[in-house]
Amino acid sequence: MGGRYIYLRDNTDGKFWSTSWMPVRSALDEYTCRHGMGYTIIRSVSRQIEAETCYFVPVGENLEIWELTLTNLRKTTADISIFSAVEFCLWDASDDSTNFQRNFSTGQVEFVDEVIYHKTEYRERRDHYAYFACSEKLAGFDTQREAFLGRYRGWDSPAVVEAGESSDSIAYGWQPIGSHHIKVQLKTGESKQIVFILGYQENPKEAKFDPPGSQVINKKPVKRTIAKYLQPKNVEAAFDVLRDYWIELLGKFQVNTPDEHTNRMVNIWNAYQCMITFNLSRSASYFESGIGRGMGFRDSNQDLLGFVHMIPESARERIMDLAATQLGNGGAFHQYQPLTKRGNNDVGSGFNDDPAWLVLAVAAYLKETGDWAILDAPVPYENEHGSETPLYEHLQRSLQYTLDRLGPNNLPLIGRADWNDCLNLNCFSDTPGQSFQTTTNKEGRVAESVFIAGLFVLAAKEMVEIARHRQNKGDSAKMQQAARQMEETVWKSGWDGEWFRRAYDDFGHVLGSKDNEEGQIFIEPQGICIWAGLGVEDGRAKKALDSVAKYLATPHGIVLQQPAFSQYYLHLGEISSYPPGYKENAGIFCHTNPWIMIAETKIGRGDQAHDYYTRINPSKREEISELHKCEPYVYSQMIAGRDAPTPGEAKNSWLSGTAAMNYVAITQAILGIQPQYDGLEIKPVIPSKWQGFEAIRHFRGVRYEVSVIRKGTGNRVSLLVEGKNVPGTVIPLPDQGVRILKVTAYIG
Ligand code: GLC
Ligand code: GLC
């Protein structure tokens, strides 16, 4: 679906204006756009006519409601025309924007009982259509774009709106649209509600046409839905359902801390963004066209970490989908298509960090739910029937994949890339436009990743616990040994003296070391290795984090590496294709910042952790919106780094792993409320000036009401559960039937 428009026309003098997503602002006296959980309200006043439209999708429906309320603020009666408009997509976004020689001749619509039906290609192999209905008697309609807009005109001044008269056009080829025309007379102070429904319907193949054998689409299934939602009272009821749905979801974790920006993000917007990234992965947004990437294997596993507490059942399903695309050798398709749930062959496999993320996702799911049975569920490889093994074995193969691919230093081979999609050490692309993601000109037997080593340790330690819970001592000991071995390798070849190195390239040269001229220190291995526990006890973690503070931290967040790459390096790949300060080339790649926050909490530095949290917190950054430029409630993938001309300018908001990772960092590491296999852990590492905070956390059917009270300057925790001392930091699972637990955590 393309743009959505509502135009108003004053029929006494022919003046018109738009009051929707793309208003002609100069014609408006007031304009506000307010987003809430699953809805948007756009309000405007022009020529003393107030228009407020609430756009939302009712829970469980394939339709969008536009509920318009018009109010006459004049002292006289108003004679107003309303024109709705929507541009239909011809179902295949790529074809729609390229294949004009065909698709200017395929468009078809029906106009029946005042409802516009868009049915391009329904006559052949499609069995789905769109419909656009309105609650009012129509003065006219249009379904052909040129008839509506007029020649050489745009959406800012459609000819039909200017004339005050629809042309009742029926699209046959060209560019189908939907537009209703409604005339209203509003007395002084009078309000009127008008409902539009924009819906989508799929019919069973055998019931496509009505009557059968005709070319007329079967509308029976939507008639009732249309009738239902054209009633304002049903619209209001649906909106209440949507509101309650979100109240329940957000209610699973609420906090009250001394910092309003923490509260706003944790309680509302960060959680909301986690839901959006979980659902959409990196498919469609303003920055993602929706026709390129499907569900990323590593992305979706990470998105799950910030979402699993909201709807664990959906997380379970996602885990099953992801694991079913895994390859027999433990590797993973880098992406899969959400509709077919099949691995994407064009991109293929070979991003060597991918499989390990599955272990972290499953660990998070187990900790949240205690659903150990999931590990015995049979799951195929590459969706091939007959290849099923228990999910547990998928996890084992995931880690074995790393162990089977060690390089000259015994560090994991990087393959096409690790978490950093742009560190393409086997690519060597010198052809313009070639994809860095799929081009591989080297065998890949030399280039190694310290990042994957850290990730492996983190994931292997989870496997140790998981195996132990399954009473599998052998597996547990084996993974413990593998993790220990990998740690030793990191200390031997991955430690640079003051920080963790990043990688070894195809020539066996180090990257992310003081021996490099550019790219001396990278953020990713510092975050992941310390998160995995490396150097926490012996001071080397502190050293690495001090180096991060010294070389990478800026007032707007922590940049990805320094010094930035000043030129394109054939042997490094896409990372050096970006101008310095942007994206992976020393931008503040926000996704990585929470790893440092988590690492800071591992060494007990709550002030530093929360300071980093605040630097990229969109709510806090509202103060500098002129610079930041993105929404003040949603994380962006990137904030320009210090090497860019506009440090602090954000880009690519919404679909980013930043959402889940920040959620994990603030809720689990800083506030320290973290699900564990055997209970809920309370282990805050908060700023020293905070005297405490309160939280409500729903966990395995119990509502935990937590008060954290500072008694001293440290982070040591003593727990009182229902007034009784509990040793350690994990609250054991209560007896069946207990619904509420009051917890006091003294820290000091
Ligand atoms: C993008 C990708 C993610 C990758 C990151 C760093 O956010 O979606 O998979 O890890 O870039 O390159
Ligand atoms: C580009 C981006 C990177 C993203 C990748 C996904 O390389 O720089 O952030 O992960 O595209 O294909």
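User: Which residue lies over the face of Phe278, and how far is it from the ring centre?

Analyst: Happy to start there, keeping in mind that this is a predicted model. A Lys or Arg charge counts as sitting over a ring if NZ or CZ is within 6 Å of the ring centre and within 35 degrees of the ring normal. The residue over Phe278 fits that description: Arg318, at 4.0 Å.

User: And what is the distance of Lys219 from the ring centre of Tyr117?

Analyst: Here the charge belongs to a lysine, Lys219, and the face to Tyr117. The distance from the ring centre is 5.2 Å.

User: Now the ring pairs: are the planes of Tyr55 and Trp66 stacked, tilted or edge-to-face?

Analyst: The structure holds 41 aromatic pairs. In the one formed by Tyr55 and Trp66, the centres are 5.5 Å apart. Planes under 30 degrees apart count as stacked and over 60 as edge-to-face. The planes here stand at 55°, so the pair is tilted.

User: Which strands does that pair link?

Analyst: Tyr55 and Trp66 are 11 residues apart and connect distant parts of the chain. Tyr55 belongs to residues 49-56 and Trp66 to residues 63-72, which are strand 5 and strand 6.

User: Is Trp66 buried or exposed, and what is its relative accessible area?

Analyst: Buried means under 20% relative accessible area. Its partner Tyr55 is buried at 4%. Trp66 is buried too, and its value is 0%.

User: How are the rings of Phe253 and Tyr663 arranged?

Analyst: Their centres lie 6.5 Å apart. The planes meet at 85°, so the pair is edge-to-face.

Note on methods
Residues are numbered from 1 along each chain as its sequence is written. Chains are lettered from A and ligands numbered from 1 in the order in which they are written. This is a predicted model: local features need pLDDT of at least 70, side-chain atom pairs count only at pLDDT 80 or more; totals for chains, interfaces and linings use all residues. Side-chain values use heavy atoms; hydrogens and water are left out. Rings of Phe, Tyr and Trp (its six-membered ring) pair if their centres lie within 6.5 Å; planes under 30 degrees apart count as stacked, over 60 as edge-to-face and the rest as tilted. Helices (H or I, at least four residues) and strands (E, at least two) are DSSP runs, numbered from the N terminus. Buried means under 20% relative accessible area, exposed over 50%, partly exposed in between (1.4 Å probe, protein chains only).
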